[in-house]
Amino acid sequence: MSNTTGPLFETTYVVSNAAREEFEPWLRELQTRAMREAGIEDARGFESESTTDGAAHITFRFRATDDLAMDSLLDGYFVEIEGEVEDLFGANVVATSRVLREDASRLKPSAENSNCLNCGTRLRGQYCGSCGQRARNRLISLWELLSEAFGDLLELDSRLWRTLIPLLARPGQLTRDYLEGRRARYMPPFRSYLVLSVIFFVVAFFDPQRDLSIFFEPPPEPTAEEIAAAEQDATAAAAEKEQKIAEAKEKLAELDAEGVFPEALVEEIADDDDEWEIRLGGDDENSLFDDCENASISDEEDMPEWLRKRLTDERVRSICERNKARGVENFSGAIVDNIPIALIVLLPLMALVLKLLYPLSRRYFVEHLLFFIHFHAFFFLILILQILFARIVGWVSLDGAISTIILVATSFYIPVYLYKAMRHVYGQGHLVTLFKYLLLMIAYLTGATTTMFAAFLIAIVSA
């Protein structure tokens, strides 16, 4: 805030009787020197009564021109004075200092009180020293509104870019910095994960021509020549398929005649029906939910008891009818909607695996969880870049071989990144880390498969 008389730097000297004769001339000299120092507009001392042991209490005040001058003096001139007192007088002079500023808020109308509107802290400058909110609360222009919304994206030195670059190029660096206390320079871990996951699902599954079709012109109707050419191509493809099937059957017949497939083995495989299954429609995968009248559970006695009580034939047929009513596209959308939840469920499961793999690391469960939050954030980031690159390749007609090599290389970078991150964060040798890495990969694939299958089942039963 503005100070009408400037801030004060006050030092109280407790001077022993033995040093008093030398101290007083030095203090007068200090006053003369201080008046020549840039940023000081006044300097004077005040002496109080001596204590019973003969020590004198002398208060000396320097008045600075403004807050900026005071900050400069605190870092330079006043430090030199304290060092000079210690060198000249040692333990014979004890100094204590403080900064005093005049609070002129009582002289202002209450409407002009310079407190932070967010937390109420007294303001000294453009931003609140407690919560960081900007002092000015009015948005004067549209540009300011847009800058506030996209500032982190447009500023090269923002926390967003300071987070994305090490997240992509330095495996494990973000996790290690966060655990060692270097956090303010980066975006919070879970916020990074959520932002990148939202961007990924928008980039991967949002199709403007499909979802915003009303803003696009419909494709032109095919001409008679195009229809005839398409029918001719379809007929030729069907004939080729029939020919390949006939050749395959002929080859199988030759192998059967030579006894390559023993009849007993074929019958054994055909009669192997020990596992139960749920049929929600026809046998063809393209006719899923089409034949709900025949939806049922086969080999019900092999099903777990708790599941058999909940999945009766009537309930299976009801699930089939509901999914048939909402259509294949909506069913696929429901699966996609469940994937983010499945991935969030996967995070603590993998953190538990890391906790078991590193029992002597003395790390808390949440520290292992932080490792996988950063890894999943990287995973989303690399997928976003791959999808965008693939679409750009389609637009500019880049050489297919080059684009394929780049996409394959970035895909191989994902498991390499995980290994290097484990090495960087947990600091173990190559062989030990490789062994734990293989165990973690097995657990990760198992957990990912289980959670994705659960997302599929929930999409089915929640129709």
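**Group meeting: a core, a cavity and some rings**

Okay, let's start with one residue: F375 is buried, at 7% relative accessible area. Keep in mind that this is a predicted model.

F375 has a partner. F375 and F378 both sit in helix α13, 3 residues apart, which is about one turn of the helix. F378 is buried as well, at 0% relative accessibility. Now, how do the rings of F375 and F378 sit, stacked or tilted? Across the model there are 28 aromatic pairs. In the F375 and F378 pair, the ring centres are 6.2 Å apart and the planes are at 40°; stacked would need under 30 degrees and edge-to-face over 60, so this pair counts as tilted.

That pair doesn't stand alone, either. Ring pairs join F375 and F378 into a cluster with Y358, F371, F372, Y413, Y417, Y426 and Y444.

Next, the core. How many residues does the largest nonpolar core have? It has 44, and those with the most contacts inside it are L167, L196, F371, F372, F375 and L440, so there's our F375 again. Helices α5 (159-169), α7 (189-205), α12 (313-357), α13, α14 and α15 (430-461) each put in at least two residues. The largest share comes from α13, with 12 residues.

Let's zoom in on F372. Leaving out residues up to four places away in sequence, F372 touches L347, M350, A351, L354, L440 and Y444. There's another core too, lying apart from that one: it has 24 residues, including F9, F23, L27 and L73.

Over to helix α7, where you'll find F200. Buried or exposed? F200 is buried, because its relative accessibility is 11% and the cut-off is under 20%. What does F200 touch, if we again skip residues up to four places away in sequence? The contacts are F380, L383, I384 and I387. Also, F200 and I382 are 182 residues apart in sequence, yet their C-alpha atoms are 9.4 Å apart in space.

Last bit: empty space. Rolling a probe the size of a water molecule over the atoms shows where some is left. Here the count is 3 cavities of 30 Å³ or more, and the largest holds about 70 Å³. Which residues line the largest cavity? They are L167, R170, G172, Q173, L174, T175, F371, H374, F375, Y417 and A421. By class, that lining has 6 nonpolar, 4 polar and 1 charged residues. Helices α6 (173-179), α13 (365-396) and α14 (400-426) each give at least two residues to the lining.

And that brings us back to F375, which is buried, belongs to the ring cluster and helps line the largest cavity.

Technical notes:
Residues numbered from 1 in each chain as written. Predicted model: local features only at pLDDT ≥ 70, side-chain atom pairs only at ≥ 80, totals over all residues. Heavy atoms only, no water. 1 Å grid on protein atoms, 1.4 Å probe; cavity = no way out; pocket = protein on both sides within 12 Å on 5 of 7 lines; lining within 4 Å. Points joined across faces, edges and corners; volume = space filled by probe spheres on them. Helix = DSSP H or I, 4+ residues; strand = E, 2+ residues; numbered from the N terminus. Nonpolar A, V, L, I, M, F, W, Y, C, P; charged D, E, K, R; others polar. Core = buried A, V, L, I, M, F, W, Y, C linked by side-chain atoms within 4.5 Å. Buried < 20%, exposed > 50% of the residue type's maximum accessible area, 1.4 Å probe, protein only. Contact = heavy atoms within 4.5 Å. Phe/Tyr/Trp six-rings, centres within 6.5 Å; stacked < 30°, edge-to-face > 60°.
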